[in-house]
Structure formats: structure tokens, C-alpha cells
Amino acid sequence: MEIRADGLGIPQLLEAVLKLLPLDTYVESPAAVMELVPSDKERGLQTPVWTEYESILRRAGCVGSLQPCHFVFQRALAKIERFEFYERAKKAFAVVATGPAQCWAWLLCRETALYGNLILRKGVLALNPLL
């Protein structure tokens, strides 16, 4: 299932999603990005969006805190080899595509940050949020 979220960047969308969707507390990292390919590592490509994701995850309490995720994750983001990332993405329940509000071509409607794709692992939704 693809969900369109035109006009939003992934960081903005991630903040909103984390208010409603708990992440998995039984994994080392509930969020994953695609690791840099060797040629990008060699040329020193920077991925500032990853720092932004980690900051958002920390503010949501998913890293280094016991609330609301109830578990201290070892790391905010897992870095996954390119083809493994693609395989995981194929198995995702939903894909949320982001991009500019005014899209005139399909390819221009995607997130523009390099290595900006993100996979989240949903946790258990509590029946009673007070428990």
C-alpha cells in the first residue's frame, strides 16, 4: 500500500507518526536507513538527515529513555546494506511517499535528502495507554 504525503518531508512526518505509533521495543533499533554504498563512503558523503532522524527519535523517547517506548535502544538507527534495505522495503506493510506539495512529475515527488529513506518497525499498540 502506498500512502501519499506530498508537501511533507520525512522528518516532519516522522515526528507526527511517533506521536501515534509506538515502535518495537524488542529489537536493537526500531528504525533503519540504507547504509552508504562503498563509493559514497570513500568520497565522504554526508547524511545530515540521519542526525535529524536520531534527534527526533530521542525527543520521542525512543532512544536513551524508558518512556514512552519502555526500552533503551542500543542505537537510534540501524544502517542496513543497500539490497537488504530494498528487500525489507518490499515487505513493508505500507510505503509513505513524501515530496513537494506541487508535483509535476512522479520522480520529483519523492524525498530529496540523500539516503533519506527510513524503515520503521511498529510496536504493540496498548489497549489502555495508561498501562
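Start by selecting helix H3 together with helix H1 (10-20), strand S2 (31-34) and strand S3 (78-80): the buried residues of H3 pack against these three elements. Here contact means heavy atoms within 4.5 Å, and helices (H or I, at least four residues) and strands (E, at least two) are DSSP runs numbered from the N terminus. This is a predicted model, where local features need pLDDT of at least 70, side-chain atom pairs count only at pLDDT 80 or more, and totals for chains, interfaces and linings use all residues. Residues are numbered from 1 along each chain as its sequence is written, and side-chain values use heavy atoms, with hydrogens and water left out.

Next, colour Val49, Trp50, Tyr53, Glu54, Ile56 and Leu57, the buried residues of H3. Buried means under 20% relative accessible area, exposed over 50%, and partly exposed in between (1.4 Å probe, protein chains only). Look down the axis of H3: its buried residues fall within an arc of 160°, so they line one face of the helix. That arc is taken from the directions from the helix axis to the C-beta atoms. Now turn to the other side of H3, where Pro48, Thr51 and Arg59 are exposed.

Move on to S2. Which residues cover its two faces? Ala31 and Val33 are buried on one side, Ala32 and Met34 on the other. S2 has three bridges to S3, and these strands run parallel; look for Met34 opposite Ile80. Two bridges join S2 to strand S5 (residues 119-120), this time antiparallel, with Ala31 opposite Leu120. Strands pair if DSSP finds at least two bridges between them.

Last stop: Leu20 in helix H1, which counts as exposed at 74% relative accessibility.
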